[in-house]
Amino acid sequence: MSDTVNASAALPPASGQDAPHTPGVPVRHTRAKGEPRFPDGPKADPAGSHFERRIRSFQPRRSRVTAGQADALQRLWPAWGFDIDGSRRLDLAEFFGNGNPVVLEIGFGMGEATAAMAAADPATNILAVDVHTPGQGNLLNLADRRGLTNVRVGNGDAIILLREMLAPGSLGGLRVYFPDPWPKKRHHKRRLIQPEFLTLAATRLAPGAVLHCATDWEPYAEQMLEVLTAHPGFENMQADGGFAPRPGFRPLTRFEGQGLEKGHVVNDLLFRRVRQDEQAEDRA
């Protein structure tokens with residue numbers, strides 16, 4: 001990120017340096033190589049190379065950050081944000097300051113839907129994870145402006161969060177809304193909703209917890225339905241075994257509305273985490 005300052009407030013140049021700019025003219029200062037974008041904010045690659053290399057389901061996006069988003073990242077990240085570095089096990093009750101159920105949301109975009117759901121259900125804590133810096137700042141800004149205390153923002157790989165930083169059975173729900181569909185066939189292996197992911201997620205979800213997915217990419221929706229239906233740790237909450245109507249608690253986002261105007265079909269999937277004794281009965 002580059003900062004703009006007033007040249008009249010700058011220190012005089014040392015010998016051999018360029019002459020100062022005309023007072024009142026903005027001066028662009030570029031970060032030195034290796035200097036963090038936000039010293040007290042999210043890191044570019046929090047887990048680094050500590051964990052094994054594998055195919056990722058996401059691509060970090062470091063697009064332009066507005067002044068409001070940057071301010072929120074600098075002010076609020078130390079209290080409401082965390083880097084997913086795999087170095088510790090999160091105590092969710094301590095993290096949120098209460099024992100309310102925690103729902104993990106993987107990929108929240110710009111955070112409008114997350115903030116709306118947090119405001120509508122203050123008794124549920126939302127652990128929102130993404131790698132999009134502007135979205136992280138925007139969600140923090142929304143939470144601050146609306147006085148929300150039940151949102152925490154994670155930066156990094158959700159797989160590392162689930163595997164290394166969350167206790168078994170600690171989540172009251174999981175939301176995956178509009179994940180990258182990776183439409184090209186050779187990229188399908190990058191899709192998040194795969195059997196291996198579901199097996200990991202099932203260990204972190206409490207019995208009865210709901211996994212809620214939504215996508216506007218119909219081939220991905222069909223794959224989601226297929227792998228979720230086949231997984232022994234989950235059962236479809238729809239009696240007909242198909243897609244669910246959009247539940248009232250999931251807001252209609254601007255992105256989704258634009259897709260619907262273009263004729264996109266949005267599919268929701270609601271699956272419940274099956275208890276171990278129920279799995280045993282199904283196998284009997």
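Helix 7 (residues 218-230) has 13 residues and should span 18 Å at 1.5 Å a residue, the expected span being 1.5 Å times one less than the number of residues, and the 18 Å between its end C-alpha atoms agrees with this. This is a predicted model, in which local features need pLDDT of at least 70 and side-chain atom pairs count only at pLDDT 80 or more, whereas totals for chains, interfaces and linings use all residues. Residues are numbered from 1 along each chain as its sequence is written, and side-chain values use heavy atoms, with hydrogens and water left out.

In helix 7, the buried residues (under 20% relative accessible area, 1.4 Å probe, protein chains only) are Tyr 220, Ala 221, Gln 223, Met 224, Leu 225, Val 227 and Leu 228. They pack, through contacts (heavy atoms within 4.5 Å), against the elements tabulated here.

| Element | Residues |
|---|---|
| Helix 6 | 195-204 |
| Strand 8 | 205-215 |
| Strand 9 | 234-236 |
| Strand 10 | 267-273 |

Helices (H or I, at least four residues) and strands (E, at least two) are DSSP runs numbered from the N terminus, and the protein chain has nine helices and ten strands.

The largest nonpolar core (buried Ala, Val, Leu, Ile, Met, Phe, Trp, Tyr and Cys residues joined through side-chain atoms within 4.5 Å) has 40 residues, and Leu 161 is among those with the most contacts inside it. Helix 5 (residues 158-165) gives the most to this core, with six residues. Not counting residues up to four places away in sequence, Leu 161 touches Phe 82, Ile 84, Leu 90, Leu 104, Leu 127, Val 129 and Leu 166. Apart from this core lies another, of 24 residues, including Val 65 and Phe 178.

Of the 284 residues in the protein chain, 45% are buried.

Methods:
Buried means under 20% relative accessible area, exposed over 50%, partly exposed in between (1.4 Å probe, protein chains only).
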